[in-house]
Amino acid sequence: LNRGFTEMHCMSGHSNFVSCVCIIPPSDLYPRGLIATGGNDHNICIFTVDNPAPLYVLKGHKNTVCSLSSGKFGTLLSGSWDTTAKVWLNDRCMMTLQGHTAAIWAVKILPEQGLMLTGSADKTIKLWKAGRCERTFTGHEDCVRGLAILSEMEFLSCANDASVRRWQISGECLQVYYGHTNYIYSISVFPRCKDFVTTGEDRSLRIWKQGECAQTIRLPAQSVWCCCVLDNGDIVAGASDGIIRVFTESLERTASAEEIQAFENELAQASIDPKTGDLGDINADDLPGREHLKDPGTRDGQTRLIKDNGKVEAYQWSVSEGRWIKIGDVVGSSGATQQTSGKVLFEGKEYDYVFTIDVNENGPSYKLPYNISDDPWLTAYNFLQKNDLNPMFLDQVAKFIMDNTKGQTLLSTSNQFSDPFTGAGRYVPGSSAGLSTIPGADPFTGAGRYIPGSASNAVPPAGGVDPFTGMGAYQSAAAKVENIYFPKKDAVTFDQANPTQILGKLKELNGTAAEEHKLTEDDLIILEKLLSATCNTSTETPTAQQLQTLWRAVNWPEDIVFPALDILRLSVRHPTVNENFCSEKEQVQFIILLLKFLNPKGKQANQLLALRALCNCFVSHAGQKLMMEQRDEIMTQAIETKSGNNKNIHIALATLTLNYAVCLHKVNNVEGKAQCLSVISTVMEVVQDLEAIFRLLVALGTLISDDTNAVQLAKSLGVDSQIKKYASVSEPAKVKDCCRFVLNLL
């Protein structure tokens, strides 16, 4: 008898075990929704409801994908053992969330757009907004295993420390719930209320109401991996015996008397290992006999142990039935020791051993995780590769592993079912010593960040530069407003200059400079010539000597460098100067110099001029190529300047973003567009100045023009609700008009 559930399809697409599943809600394109699965093969498969083969496969994670959550507009969030989470839109990776130092075991997209949560084996939870980490929640004392959303403002987490915590998005922990006696793997909330259910490594499913554990349901399996609550309030649990069980409060859906009896018999025959600690410390000699079961229990789920004919049995009190139900026999120790059954956690995964290896006396020590089922030579080889160590150590390391694991063979029980989260054999908790030790995270897993090179598809040099004026021209009501704002085709530059003033300031500060920085009279004349060559007052071409002198000046101390930076800002618009500073030879020093001035703690004048110089780099082909190659670094550093409330800095930051949007509109660089959208969304929140807002709106319009993926991503980040207020700005009219054009696309 199968009440209400029949197998529809067996879907396959992974080459190894599947560790998580999630439903992507129905859309116009897929009215029945989609199913996403994450696997040990590092991939995510996306299936339609009626086809056993994947619609497409998402590749990008470097290790097991162990958690998935779907959001609005087709977004999918994934968490992996590779310590990152990724945001996917349809079949493309839009963003990678980096910051955790160990496996990410739980992810959730919050109802408010653009907000995401990740829970990790590094014991922390992080809140991400538009792809940037906004807040880190600390409090759990062991790996975070599950997350559940209560409302726009609150969420729950469960962890290997056997506790559940209720948090406010703002960062406070509101409540801690205790009840489980071992790892809690999964948590799920009842629809339309704050009650929830949890499952864990203590053979139980627990139902929590009004902050108390209201009911404990024991299962005939050690590990209850996962649970979910259906819309009708029924609870589904999946356990390590390979069986899915559904529990209900509804009488018409309750199983038949035979099925319930069969479940109770299965439970009564289960053997409980006293070492797991599920039943507290047990001393068989002190236990009472069967008569102890005549007294009724005091609360639902209370357990009582009795001794009958030398056998120890465990019973649990059921309030609804008013009787003690047998939940299993307590068996003696299997002879397993901490070494053979107690797993050690490393980077969020469970291993039989984690060795510390010192390669040389004064160098760092390295962690070497090892399972008894592994090949010692292969493990040694991988360890040396991962840590860039000399391969000549291979024999030594392999011998070390064999010497230190002598005589340990695999327990026959431990591979019966493997943990879908850690990939280790079923966890048989030994002494508590094994639970609390999570070694420090490994500094070697954060491989070099991906910086898309765009050398092959760089943008042709911009022609005439639109200085962005006269856009809000007056139009009579009858005229239809035409979109003259975006997509913008050319970079926007900062051209305004007063060479006399700049040189006057340079000479004045030169007088106060320390001897080693002082420029000679000849140097000052050289810089004057450079200024006139690059501000179009003379027809001469800048010379190498002039550029060398300028380079000396821009390396002045921070407090006096700004006039030299201003000369750099104006000069870099000239093709010769642009080619020189952005060339293969000079570009590294050039970018390092400008990024140094973007430090939000530095002088605001330097921040402003460095941002303007970066904007002006976009006028020539060489500059565009360099800016696109270094996009990740430049954007990450530039966004920090938003913290000051200087409107000129905000306008320059908005212009830099706009120039990136212009380049990204011409090449289809999905990650670049995602980063740019994230910056626009983040900067929009702090900027007050309407000129800066206008430039951000043009950047946004340019990015999402002719790109449905970018439109969906912008919506999922909640950009539309962020910009709505600008549709009613009366002056300048260009803000309102541009905003309305962007909203039409969204």
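**Exercise 1. Two repeats from the record**

How far apart do the end C-alpha atoms of residues 97–129 lie, and what percentage of the span is helix and what percentage strand?

*Solution.* Before we start, keep in mind that this is a predicted model.
- Step 1: Look up the span. An unreviewed UniProt entry lists residues 58–88, 97–129 and 177–209 under "repeat: WD".
- Step 2: Go to the ends of residues 97–129. Their C-alpha atoms are 10 Å apart.
- Step 3: Check the secondary structure. Residues 97–129 come out at 0% helix and 55% strand.
- Step 4: Try another listed span. For residues 58–88, the end C-alpha atoms sit 8 Å apart, and the span is 0% helix and 55% strand.

**Exercise 2. A strand and its hairpin**

Work out why strand β5 is described as largely enclosed by the rest of the structure, then find its partner.

*Solution.*
- Step 1: A residue counts as buried when its relative accessible area is under 20%.
- Step 2: Apply that to β5, residues 65–70. Five of its six residues are buried, so the strand is largely enclosed by the rest of the structure.
- Step 3: Look for the partner. β5 pairs with β6 (residues 75–80) through five bridges, in the antiparallel sense.
- Step 4: Pick out one facing pair. Leu68 stands opposite Ser78 in β6.
- Step 5: Inspect the turn. Four residues lie between the strands of this hairpin, and Phe73 takes a positive phi near 60° there.

**Exercise 3. Ordering an open sheet**

Find the strand order of the open sheet that holds β25, and name its edge strands.

*Solution.*
- Step 1: A reminder first: strands of a sheet pair through backbone hydrogen bonds, either parallel or antiparallel.
- Step 2: Read across the sheet. Its four strands run in the order β24-β27-β26-β25, and the pairing is mixed.
- Step 3: Find the edges. β24 (271–272) and β25 (303–308) each pair on one side only, which makes them the edge strands.
- Step 4: Zoom in on β25. Six bridges join β25 to β26 (residues 311–318), and the two run antiparallel. Thr303, for instance, stands opposite Gln316 in β26.
- Step 5: Stay with β26 and visit Lys311, which lies in this strand. Lys311 is partly exposed, with a relative accessible area of 45%.
- Step 6: List its partners, skipping neighbours within four places in sequence. Lys311 touches Ile306 and Asp329. The C-alpha atoms of Lys311 and Val330 are 7.6 Å apart, though 19 residues separate them along the chain.

**Exercise 4. Buried or exposed?**

Decide whether Asn510 and Ile244 each count as buried or exposed.

*Solution.*
- Step 1: The cut-offs are under 20% for buried and over 50% for exposed.
- Step 2: Asn510, in helix α6 (residues 499–512), has 6% relative accessibility, so Asn510 is buried.
- Step 3: See what lies around it. Beyond neighbours within four places in sequence, Asn510 contacts His517, Lys518, Leu519, Leu524 and Trp556.
- Step 4: Ile244 belongs to strand β23 (residues 244–247). Its relative accessibility is 64%, so Ile244 is exposed.
- Step 5: Place Ile244 on the surface. Together with Phe5 and Val246, Ile244 makes a nonpolar patch of about 300 Å².

**Exercise 5. The whole chain**

Count the helices and strands, then give the percentage of buried residues.

*Solution.*
- Step 1: The chain has 20 helices and 31 strands.
- Step 2: Of its 746 residues, 53% are buried.
- Step 3: Turn to the outside. The chain exposes about 33,500 Å², with carbon and sulfur atoms supplying 50% of that.

Methods:
Residues numbered from 1 in each chain as written. Predicted model: local features only at pLDDT ≥ 70, side-chain atom pairs only at ≥ 80, totals over all residues. Heavy atoms only, no water. Patch = residues over 30% accessible without salt bridge, like charges linked within 9 Å, V, L, I, M, F, W, Y side chains within 5 Å. Areas by Shrake-Rupley, 256 points an atom, 1.4 Å probe, with all protein chains shown as cover. Salt bridge = Lys/Arg side-chain N within 4 Å of Asp/Glu carboxyl O. Buried < 20%, exposed > 50% of the residue type's maximum accessible area, 1.4 Å probe, protein only. Contact = heavy atoms within 4.5 Å. UniProt positions renumbered as here; feature names shortened; annotations may be inferred. Pairing = 2+ DSSP bridges.
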